[in-house]
Amino acid sequence: MHALLSAFAPIWTLTAIGYAVGRSGLLGEQAEAVLGRFVFYVAMPAALFTMVSGARPAAFANSSMVAFAAGTALVCGLGFVAAGRLFGRGTADRAIGSMASGYVNSANLGIPVAVQVLGDASFVAQIILFQVLLVSPVILTLLDTGTGTGSGKGVVVRRMLTMPVRNPIIMASLLGVVVSALGLRLPHALAHSGDLLGAAAVPTALITLGLSLNSRPATGGPTEHTEPAESTVRTKRAEVVVTVALKTLVQPLIAFVVGGPLLHLPDHQLMAVVLCSALPTAQNAFIYAQQYGLDTRVARNSVVASTVVSMATLSLATWVLGTTGP
C-alpha cells in the first residue's frame with residue numbers, strides 16, 4: 001500500500017497546486033486555456049516524438065499486449081456506446097467518454113506502480129506505445145470528425161486525410177515512427193532539448209487539471225445540449241459513475257479473463273496486465289476535451305474519481321493476484 005501511495009502522491013500534489021493557484025488568481029483568467037494549449041500543441045508532441053523515435057513499435061506484439069489490448073478495445077467500445085445510447089452524446093463527446101473509459105494513466109502513474117509493485121516497467125513502455133500509436137489516432141479521428149464543420153462525405157474524407165498535418169500529437173507520433181523505422185538518432189543537444197520540453201507535459205497537464213476545478217467547464221462546443229441545469233448535473237454524475245466503473249472494474253476484469261483462462265499467461269505477466277488495466281483515466285482525456293471545445297466535466301471528473309477508486313482496485317488486484325501466484 002505504501003508503494004501505491006508513493007506513486008499517487010505526485011498526482012494529488014500537482015493537482016492540488018493547480019487548484020490553489022487557480023483559487024489565488026495568480027496566473028490570471030486565461031491560465032487554464034493557455035496551459036492546456038501548451039500541453040496539447042507543444043509539450044505533449046515533444047514527449048511523444050522523443051518516446052516513439054527511440055522505441056521499437058514491434059515490441060508490443062506479444063500475448064500480454066493482446067490481453068491488455070482486448071480489454072482496452074472492449075471497454076473503449078462500451079464507453080463509446082454508453083455515451084451515445086445512455087446519455088445521448090454526439091460523436092465527439094462519445095469519443096471522450098470512450099477515452100475516459102479505457103485510456104490508462106500509463107506514464108506518470110503506470111511507471112512508478114510497475115517499478116514498485118512489479119519490479120519492472122518494460123510492459124508499461126509497450127502500453128505507452130500502444131496507446132500513442134493506435135488508440136490516440138482513433139480517438140482524435142472521432143473528435144475531429146465530430147467537431148468538424150460540414151457533414152458531406154467529401155468534407156469528412158478530406159479532414160481525415162489532412163488530420164495528421166493539422167494535429168500536432170498525431171504528427172509528432174508519425175514523425176517518431178519514421179525516425180525509429182529509419183534507425184536515425186537525433187543529435188544529443190536536440191534530443192536533450194526534446195526530453196526537457198516533453199518532461200513538462202505531465203506536470204503541466206496536472207496543474208491545468210487542478211486549475212479546471214475552480215472554473216466553469218467549457219460548454220460551448222459543438223455537442224452542447226440544452227438540458228435543464230439539474231438534469232444536466234444528474235446526467236453528468238451518472239455518466240462519470242458509468243465511466244469510472246468501466247475503467248476501474250470492467251477493464252481489469254476483461255484483461256484478467258483474456259490473460260488468464262484464454263491465453264494462460266504466467267502469473268507475473270497476468271499481474272502486470274491486470275494492474276496496468278486497472279490504472280485510472282489519463283489526464284489526456286481532459287486535455288483533449290478542452291482543446292476540442294467540449295464540455296470538460298465528464299473527462300475531468302472521471303480523471304479525479306478514477307484516480308481515487310483505482311487506489312482500492314489496484315490494492316485489491318495486487319493482493320488477490322499476489323496470493324494466488326506461486
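This passage describes the fold, surface and selected residues of a single protein chain in a predicted model.

The confidence of the prediction was examined at the outset. The pLDDT averages 82 over the chain, and 81% of the residues score at least 70. In residues 218-228, however, the pLDDT is below 50; this stretch nevertheless has 22 contacts in the model beyond near neighbours in sequence.

The secondary structure consists of 14 helices, with zero strands. Read along the sequence, the pattern is accordingly α-α-α-α-α-α-α-α-α-α-α-α-α-α. Of the 326 residues in the chain, 48% are buried. Contacts between residues at least 6 apart in sequence were also considered, and 84% of these join residues at least 24 apart. The exposed area of the chain is about 14,700 Å², of which 67% is supplied by carbon and sulfur atoms.

Part of the surface is formed by a nonpolar patch of about 520 Å². Its members are Val 66, Leu 253, Phe 256, Val 257, Leu 262 and Leu 263. Helix H11 gives the most to this patch, contributing four residues. Leu 262, one of the residues of the patch, is placed in helix H11. Leu 262 has a relative accessibility of 58% and counts as exposed because this value lies over the 50% cut-off.

Helix H11 also holds Lys 236, for which the accessibility was found to be low enough for the buried class. The relative accessible area of Lys 236 is 12%, and the residue is therefore buried, the limit being under 20%. When residues up to four places away in sequence are not counted, Lys 236 touches Arg 89, Asp 295, Arg 297 and Val 298. Within helix H11, Lys 236 is thus buried, whereas Leu 262 is exposed.

The backbone following helix H11 was considered next. Helix H11 spans residues 229-262 and helix H12 spans residues 267-277, and His 264 is found in the loop between them. Most residues other than glycine have a negative phi. His 264, although not a glycine, has a positive phi of about 55°. The relative accessibility of His 264 is 61%, so the residue counts as exposed, being over 50%.

Key:
Residues are numbered from 1 along each chain as its sequence is written. This is a predicted model: local features need pLDDT of at least 70, side-chain atom pairs count only at pLDDT 80 or more; totals for chains, interfaces and linings use all residues. Side-chain values use heavy atoms; hydrogens and water are left out. pLDDT is the predictor's confidence in each residue, from 0 to 100. Contact means heavy atoms within 4.5 Å. Helices (H or I, at least four residues) and strands (E, at least two) are DSSP runs, numbered from the N terminus. Buried means under 20% relative accessible area, exposed over 50%, partly exposed in between (1.4 Å probe, protein chains only). Accessible areas come from the Shrake-Rupley method with a 1.4 Å probe; for residues, only the protein chains shown count as cover. Patches are made of residues with over 30% relative accessible area and no salt bridge: like charges are joined within 9 Å, nonpolar side chains (Val, Leu, Ile, Met, Phe, Trp, Tyr) within 5 Å. A salt bridge is a side-chain nitrogen of Lys or Arg within 4 Å of a carboxyl oxygen of Asp or Glu.
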